[in-house]
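Please open the model in your viewer and set it to a cartoon display, so that you can select parts by residue number as you read.

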Amino acid sequence: MREALAEARRAEAAGEVPIGAVVVIEGEVVARGFNHPIGAVDPTAHAEIVALREAAARVGNYRLTGAALYVTVEPCLMCVGAAVHARVRRVVYGAAEPKAGALGSAVDALAVPGLNHRFAVMGGVLAEDCGALLQAFFRARRGSGASGA
């Protein structure tokens with residue numbers, strides 16, 4: 001999770017919402033991603049999607065059956081869908097996301113009937129650190145009057 005936090009800090013440095021992700025296969029980080037839909041001009045450029053794309057390219061297969069996806073914030077519905085399609089083994093996240101989290105906070109995407117894959121979920125890993133990074137980012141944004149993220 002500390003590697004994912006480092007990616008989140010990269011997003012923050014770029015002026016993006018500080019969310020980071022890494023994909024781990026057999027104990028090795030094979031891909032990294034940070035949130036950057038603004039800079040990429042791409043609504044799908046969430047940290048998880050970026051990391052999953054990089055992992056698939058690196059291993060030469062879109063199915064990442066032995067992979068664990070670590071992300072600093074509970075994934076949204078789009079990112080859970082991507083993890084399902086990638087066939088990851090598990091998703092580990094830091095801070096819960098009560099407004100858009102799709103692994104139990106706002107919705108439980110894995111409870112949708114008809115999914116052809118499900119994965120293990122572990123939340124709350126370094127939750128305080130992950131949550132504090134987000135809170136500080138949004139506190140600073142509100143204080144500066146900036147908008148758009």
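The tour goes from the sheet to a helix and then to a single residue.

Before you begin, keep in mind that what you have open is a predicted model.

Start by selecting the strands, which form an open sheet of 5 with mixed pairing, and follow them across in the order β2-β1-β3-β4-β5. Strands β2 and β5 (120-122) stand at the edges with a single partner strand each, so one side of each has no neighbour in the sheet. As you look from one strand to the next, the twist averages 20°. Strands of a sheet pair through backbone hydrogen bonds, and they may do so in parallel or antiparallel fashion.

Next, select residues 20-25, which make up strand β1, together with residues 67-73, which make up strand β3; these two run antiparallel and are joined by 5 bridges. Within this pair, find valine 22, which stands opposite tyrosine 70 in β3.

Now add residues 2-13, helix α1, which packs on the sheet and touches β1, β2 and β3. The direction of helix α1 makes about 145° with that of β1.

Finally, select asparagine 35, which sits in the loop between β2 (28-34) and α2 (37-40). Is asparagine 35 buried or exposed? Its relative accessibility is 7%, and because buried means under 20%, asparagine 35 counts as buried. Show its side chain, and you will find a polar atom there that lies 3.3 Å from the backbone oxygen of valine 17. Leaving aside residues up to four places away in sequence, asparagine 35 touches several others, among them Ala11, Ile19 and His46.

Terms used
Residues numbered from 1 in each chain as written. Predicted model: local features only at pLDDT ≥ 70, side-chain atom pairs only at ≥ 80, totals over all residues. Heavy atoms only, no water. Helix = DSSP H or I, 4+ residues; strand = E, 2+ residues; numbered from the N terminus. Buried < 20%, exposed > 50% of the residue type's maximum accessible area, 1.4 Å probe, protein only. Polar contact = N/O pair within 3.5 Å; in protein donor to acceptor, adjacent residues only side chain to side chain. Contact = heavy atoms within 4.5 Å. Pairing = 2+ DSSP bridges. Axes fitted to C-alpha atoms, helices over the stretch in contact; angles between N-to-C directions.
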